[in-house]
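Here is a friendly walk through a structure that may be new to you. Please keep the sequence and the 3D view open as you read.

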Amino acid sequence: MSHERSRDAYDRALSVMPGGVNSAVRAAPQPYPVFARKGEGGHVIDADGNRYVDWIQGLGPLLYGHDPPESVTAAVQQHVAEGPVFGMPTELEVEHAEFVTRHVPSVEMLRFVNSGTEATVSAVRLARAVTERNKVVVMQGGYHGAQESTLVEGDADHPKPSTDGIPQSFVEHTLPVPFNDAEAAKGVFEDHGDDIAAVMVEPVQANSGVAYPVDGYHETLRELCDDHGALLIWDEVITGFRVGGLGCAQSKFGIDPDVTTFGKIIGGGFPVGAIGGKTEYVEQFTPSGDVFQAGTFSGHPATMAAGLEGLKYAAENDVYEHVNDLGRQLREGLAEILAERAPEYTVVGTDSIFKVAFTRSDAPQQACSNGCRQNPECPRFGDCPKRGTDAAHMETDRYARLFRPAMREEGVLVSQNQFEANFVSYAHTEEDVEQTLSAYRDCL
Ligand SMILES: Cc1ncc(COP(=O)(O)O)c(C=O)c1O
């Protein structure tokens, strides 16, 4: 496989863009990223003409792979042709909001924005305004976009910025706790309960090796928020319309968050975010309330068309059956391969998300077959990833330097690093699954 054009493009890019990219994770592939030229179904063709089975899927927004259904493409083209943006409301926005509120149990009203980051920023502002409190509980190793309130590491007693450029005085309002640790959550509410505006949590921690929730964990967070008058914010930027189908992860896990943030699939592959939830909260955004929120491109017609038509198509077709079934086939197939080739590793994921976590396990023989379910009876329970920070202790170099480049040469693109997830689309086929499993067998 030649990567000459990608190499040249990266060489040029390094002179004009920081790190050669417009979003950091794109530069993670070793020794340099392949540059995408076009997509075809579940495949991507790079600048040199190489074809890959693509499990990155734009980092999650592409429920249909690179060829959306005809109804989606037609609606997008129509709205692009009719004028890109108006600074006036459109009926499309109303229809999309009606669709989401009909399908997502806790969402009565929503505001569309342009990215997941914008959604989480606004959700935190909303919670602070509603509760008249400042502190926000987040999960260590979780990701809520490039925003000041959540780019925080350490623990609740010693929070510190996880990037340069954020004042310590700012992060003192953020309380990081370990995901899946009910006692830690109770502790932080005991110490700070009267000052906590919100808990912000991903239903499945999907940016850091994919950690499934331990039974009862989300219920504990819900109760703590209720008992202390804090808002429970579910960040469904990744899980929204992927885990739990059209009802999102909250319908799968039976939890009723106060506020939900969306991104990715809700915009059908175009820039998007949304903040949804109970009317009493979401109505606090301007102009109906006093929490400032605005954006030139929010509710952009092309995005609304892609998101809405994509979800309508999913409501009428076997989209979730297909992607979840291929997800299961991948997880089960990978578990068999690991038993043979790398029994210390763990298969993680749910619905149409899958991943092999390069764990270091002392009890290698009994991995869950359909993705780790945090079963306390399992002899590997202690070794499987419970929280985002666990990914940092995995064999990240082996993944990045040896495994992923080898997969690429086999014509399979998996997530750019050990932290991100892989996503199945409706365009993927059983042949793609077979090719992928065979590549894993060869490369592990
Ligand atoms: C859970 C979660 N929240 C928020 C974001 C930020 O979304 P965006 O990259 O659209 O700003 C991401 C991005 O991957 C995410 O995974």
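The points below take up the domains, the ligand, a pair of hairpins and a pair of helices.

1. Please bear in mind from the start that this is a predicted model. The domain assignment splits the chain into domain 1, made of 4-67 + 319-443, and domain 2, covering 70-316. Between the C-alpha centres of domain 1 and domain 2 there are 25 Å.

2. How many residues does each domain bring to the contact? Domain 1 gives 31 residues and domain 2 gives 29 residues. On the side of domain 1 that touches domain 2, α11 (319-341) and β14 (353-357) each contribute at least two residues. The largest share of that side comes from β14, with 3 residues. Sorted by class, the side of domain 1 that touches domain 2 holds 15 nonpolar, 9 polar and 7 charged residues.

3. Now for the ligand, which has 15 residues around it. The closest are Ser 115, Gly 116, Thr 117, Gly 145 and Val 237. Helix α4 (residues 116-131) provides the largest share of this shell, 3 residues. The shell around the ligand is made up of 9 polar, 4 nonpolar and 2 charged residues.

4. Next, have a look at strands β1 (residues 36-40) and β2 (residues 43-46), which pair in the antiparallel sense over 4 bridges. One pairing to find on screen is Glu 40 with its bridge partner His 43 in β2. The two strands β1 and β2 form a hairpin with 2 residues between them. In the turn, Gly 41 has a positive phi of about 60 degrees.

5. Strand β2 also pairs with strand β3 (residues 51-54): the two run antiparallel and are joined by 3 bridges. Here Ile 45 has Arg 51 in β3 as its bridge partner. β2 and β3 form a hairpin too, with 4 residues between them. The turn contains Gly 49, whose positive phi is about 90 degrees.

6. How do helices α6 (residues 182-192) and α7 (residues 217-228) pack? Their axes lie 10 Å apart and make an angle of about 10 degrees. Angles under 35 degrees count as roughly parallel, and α6 and α7 are therefore roughly parallel to each other. On the α6 side the contact is made by Ala 182, Ala 185, Lys 186 and Phe 189. From α7 come Tyr 217, Thr 220, Leu 221, Leu 224 and His 228. By class, the residues of this contact of α6 with α7 are 6 nonpolar, 2 polar and 1 charged.

Notes. Residues numbered from 1 in each chain as written. Predicted model: local features only at pLDDT ≥ 70, side-chain atom pairs only at ≥ 80, totals over all residues. Near = placed C-beta within 6 Å. Nonpolar A, V, L, I, M, F, W, Y, C, P; charged D, E, K, R; others polar. Domains from an automatic or database assignment. Contact = placed C-beta atoms within 7 Å. Pairing = 2+ DSSP bridges. Axes fitted to C-alpha atoms, helices over the stretch in contact; angles between N-to-C directions. Parallel < 35°, antiparallel > 145°, perpendicular 65-115°, else oblique.
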